[in-house]
Amino acid sequence: MNEISVLGAGAFGTALAISLAQSGRKVTLWARSAEAATAMQKQGENALRLPGKPFPEPLDVTSDLAMATAAPILLLTVPMQQLAHFAEENKARFQQKTLVSCCKGVDLKTGRGPIAVLEDTVPDATVAILSGPSFAVDIADGLPTALTLATRDKAVAVALQTRLSTDNIRLYTSLDPVGVEFGGALKNVIAIACGLAIGAGFGESARAALMTRGFAEMQRLAVKQGADPMTLAGLSGFGDLVLTCTSEKSRNYSHGLKLGRGADIDPSVTVEGVATAKAVAHLSATLGVDMPITNAVTQILNGNLSISETVELLLSRPLKRE
Ligand SMILES: NC(=O)C1=CN([C@@H]2O[C@H](COP(=O)(O)OP(=O)(O)OC[C@H]3O[C@@H](n4cnc5c(N)ncnc54)[C@H](OP(=O)(O)O)[C@@H]3O)[C@@H](O)[C@H]2O)C=CC1
Ligand SMILES: O=C(CO)COP(=O)(O)O
């Protein structure tokens, strides 16, 4: 039995499995499709989701969930909108396990982040979150980054930090999983806003203003949910916001860019910020938290307002203190 399994053979799950295996961990990558698992075993890469990134020797790939979930540490790398269903469907297998969510989003149906989804569904599991600036292609190439590993229990956090740090991923611990999960989720919405601004020709000053005011609203919502505001200044907040709002490697930023330019969108690409914007617009209204940028993105995504109408609305808000 391997010590770690990565459940979800998308770009990020594959990249994490590569990095862990390269660092000598005994790791299994689980794909839901038997065909996909067989193709990966034969080709020694995930040609569909992360092409051109060869697997190191000790990486096992399977579609056998019973085998994969025998490991004590399970990294969950399915898209956020799939997490609740995935956890519900497999809760018997997840009992007593350490579940590390790698998802960045808020569940559209319930307004919950990944921590609440997992704690509600599998109450006797140990739940943690891994988040921060990390493009799958960079991780798979062995490029260095630093991420936050957050859980409520200090001893668990330290143990997981040791188990999951790799040669190219330096992990910091946090005891504020709510701050970490909302940092990772909310930055995707701001990245869409930045893509929209650049795509529509509003320029880099506008992007910097959106990042800064976006950060302020990320902090407001996270604090309302019980997070420490300083957590948002860390890797899974400020760190990931900077990365995602400035790179065309980001699917969220690129999605906004395409919308801003009036270009075609590929609906098969995972763009977590789309559902999360809608979930957060609803959540913030319920909680009475002012989130003008997230609301503007939601209005554009829902087709209720044009980009220029949205900019006019944002600029005509009452003047206030920073
Ligand atoms: N890509 C990146 O650079 C990073 C991604 N993340 C986060 O990781 C999460 C996953 O993203 P990413 O890997 O990029 O997404 P991808 O679109 O590359 O892959 C998603 C994977 O999830 C699988 N999947 C979807 N639904 C289910 C389900 N119900 N049960 C089992 N497997 C399922 C898909 O399987 P199938 O192939 O069969 O459709 C696919 O392999 C997101 O929350 C994202 O924000 C975090 C950091 C970096
Ligand atoms: O979260 C990410 C990098 O940290 C990946 O961002 P995208 O999902 O926008 O590609």
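Thr14, in this predicted model, is in contact with Ala9, Leu29, Asn46, Leu50 and Phe55, when its neighbours within four places in sequence are left aside. The residue belongs to helix 1, which spans residues 11–22. Its relative accessible area is 0%, and Thr14 is therefore classed as buried, a term that requires a value under 20%.

Two of the residues that touch Thr14, Leu50 and Phe55, are also contacts of Glu45. Glu45 is placed in the loop that runs between helix 2 (34–43) and strand 3 (59–62). With neighbours within four places again set aside, the contacts of Glu45 include Ala39 and Met40, as well as Pro51, Gly52, Lys53 and Pro54. Glu45 and Phe55 are 10 residues apart along the chain, yet their C-alpha atoms are separated by 5.4 Å. Whereas Thr14 is buried, Glu45 has a relative accessibility of 21% and so counts as partly exposed.

Helix 1 also leads to the first of the ligands. Together with helix 4 (80–89), helix 1 is an element that supplies at least two residues of the shell around ligand 1. That shell holds 21 residues, of which Ala11, Ala136, Arg251, Thr270 and Glu272 come nearest. By class, 11 are nonpolar, 5 polar and 5 charged. Oxygen atoms of the ligand take part in several polar contacts. A polar side-chain atom of Glu272 lies 2.6 Å from an oxygen atom of ligand 1, a side-chain N or O atom of Arg251 is 2.7 Å from an oxygen atom of this ligand, and a polar backbone atom of Gly10 is 3.1 Å from one. Taken alone, ligand 1 exposes 900 Å², and the protein buries 88% of that area.

Where does ligand 1 lie with respect to domain 1 and domain 2? Both domain 1 (4–175) and domain 2 (186–316) give residues to its shell, so ligand 1 lies between them.

Arg251 provides the link to ligand 2, being among the nearest of the 13 residues around it, along with Lys104, Asp240, Ser250 and Asn252. Here a polar backbone atom of Arg251 is 2.8 Å from an oxygen atom of ligand 2. In the side chains, an N or O atom of Asp240 is 2.6 Å from a ligand oxygen, and a polar atom of Ser250 lies 2.7 Å from one. The protein covers 92% of the 300 Å² of accessible area that ligand 2 has on its own. Helix 11 (235–246) contributes the largest share of the shell, 3 residues. Ligand 2 lies between domain 1 and domain 2, because both give residues to its shell.

Conventions. Residues are numbered from 1 along each chain as its sequence is written. Chains are lettered from A and ligands numbered from 1 in the order in which they are written. This is a predicted model: local features need pLDDT of at least 70, side-chain atom pairs count only at pLDDT 80 or more; totals for chains, interfaces and linings use all residues. Side-chain values use heavy atoms; hydrogens and water are left out. Helices (H or I, at least four residues) and strands (E, at least two) are DSSP runs, numbered from the N terminus. Buried means under 20% relative accessible area, exposed over 50%, partly exposed in between (1.4 Å probe, protein chains only). Contact means heavy atoms within 4.5 Å. A residue is near a molecule or strand if one of its heavy atoms lies within 4 Å of it. A polar contact is a pair of N or O atoms within 3.5 Å; within protein, one must be able to donate a hydrogen and the other to accept it, and residues adjacent in sequence count only if both atoms are side-chain atoms. Accessible areas come from the Shrake-Rupley method with a 1.4 Å probe; for residues, only the protein chains shown count as cover. Ala, Val, Leu, Ile, Met, Phe, Trp, Tyr, Cys and Pro count as nonpolar, Asp, Glu, Lys and Arg as charged, and the others, Gly among them, as polar. Domain bounds come from an automatic or database domain assignment.
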